[in-house]
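User: I have the model open and would like to go through a few local features with you. Can we start at one end of a helix?

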Amino acid sequence: MRAVTNLTVHGIGETARELERGEDTTWVSVEQFERVVDAVAGRPDVRITFDDGNASDVEIALPRLLERGLKAEFFVLAGLLGEPGRLDADGVRELAGKGMRIGSHGWAHRDWRTITEGQATEELERAHEVLGELTGEPVSRVAIPFGSYDRGVLRRLRHAGVTRAYTSDGGRARPGSWLQARNSLRHDLDASWIGRVLDGPSLGRRAGKLGMRLYKRVR
């Protein structure tokens with residue numbers, strides 16, 4: 001397989017908590033989510049990931065993934081477990097028990113480009129420990145909050161032993177790459193969006209995305 005398309009799901013259905021600024025743009029309806037999973041069923045070149053640890057991961061997404069024989073990777077905010085509208089410890093265990101992979105989205109949804117050393121310990125050490133204790137498996141894969149990274153963040157992730165880091169850069173990725181671009185589901189997605197993302201961007205858009213990724217890595 002030469003390339004994969006990584007999708008990112010945030011929240012699904014009715015919101016059960018107060019959303020952060022701009023978060024509503026990545027919240028989708030149940031019907032939109034079902035369209036996406038129907039489109040990717042049987043597609044080994046498409047991976048599904050979830051960010052933020054929303055309660056809809058278990059309540060809405062999990063049964064629909066299982067119905068279609070799909071696996072997904074859930075990146076959880078370890079420091080926000082059990083808050084209203086979020087996954088709790090039992091939810092994380094349920095996802096893992098149903099064969100889903102658990103990764104870390106950090107501790108408290110901070111921008112990793114601006115965190116202090118103390119906060120970095122929470123984000124890249126304590127979060128992994130908490131999630132590992134819940135699942136009984138080591139957690140070493142992360143989704144970078146806000147897709148915000150630079151060479152300093154990437155250096156810190158490698159030093160922390162992260163084995164794969166997912167971004168929000170858009171486009172396709174090489175299956176085994178350490179840094180994986182993803183495409184976030186949006187509130188206005190429709191059949192044309194699904195087709196465009198799954199078929200891959202045009203040559204011009206691919207060049208633009210590659211340029212942006214290179215810039216982030218060296219800035």
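User: What caps the N-terminal end of α5?
Analyst: In this predicted model, the cap is aspartate 150, which has a side-chain oxygen 3.1 Å from the backbone nitrogen of glycine 152.

User: And which residues of α5 are buried?
Analyst: Within α5, which spans residues 151-159, the buried residues include Val153, Leu154 and Leu157. These three cover an arc of only 95° around the axis, and therefore they lie on the same side of the helix.

User: What about the other side of α5, which residues are exposed there?
Analyst: On that other side, Arg155, Arg158 and His159 are exposed.

User: Which residue just after α5 has a positive phi?
Analyst: That is glycine 161, whose phi is about 85°.

User: Switching to the strands, why is β4 described as largely enclosed?
Analyst: Strand β4 covers residues 46-51, and because five of its six residues are buried, the rest of the structure largely encloses it.

User: How many bridges join it to β1, and what stands opposite threonine 8?
Analyst: Strand β1, residues 4-9, runs parallel to β4 and is joined to it by five bridges, with threonine 8 standing opposite threonine 49 of β4.

User: And how does β4 pair with β5?
Analyst: The pairing of β4 with β5, residues 73-76, is also parallel and has three bridges, and here phenylalanine 50 stands opposite phenylalanine 74 of β5.

User: Which helix does the chain pass through between those two, and is the crossover right-handed or left-handed?
Analyst: From β4 the chain goes through helix α2, residues 56-67, before reaching β5, and this β-α-β crossover is right-handed.

Note on methods
Residues are numbered from 1 along each chain as its sequence is written. This is a predicted model: local features need pLDDT of at least 70, side-chain atom pairs count only at pLDDT 80 or more; totals for chains, interfaces and linings use all residues. Side-chain values use heavy atoms; hydrogens and water are left out. Buried means under 20% relative accessible area, exposed over 50%, partly exposed in between (1.4 Å probe, protein chains only). Helices (H or I, at least four residues) and strands (E, at least two) are DSSP runs, numbered from the N terminus. The arc is that of the directions from the helix axis to the C-beta atoms. A polar contact is a pair of N or O atoms within 3.5 Å; within protein, one must be able to donate a hydrogen and the other to accept it, and residues adjacent in sequence count only if both atoms are side-chain atoms. Two strands pair if DSSP finds at least two bridges between them. A crossover is right-handed if, with the strands pointing away from the viewer, the path from the first strand over the helix to the second runs clockwise.
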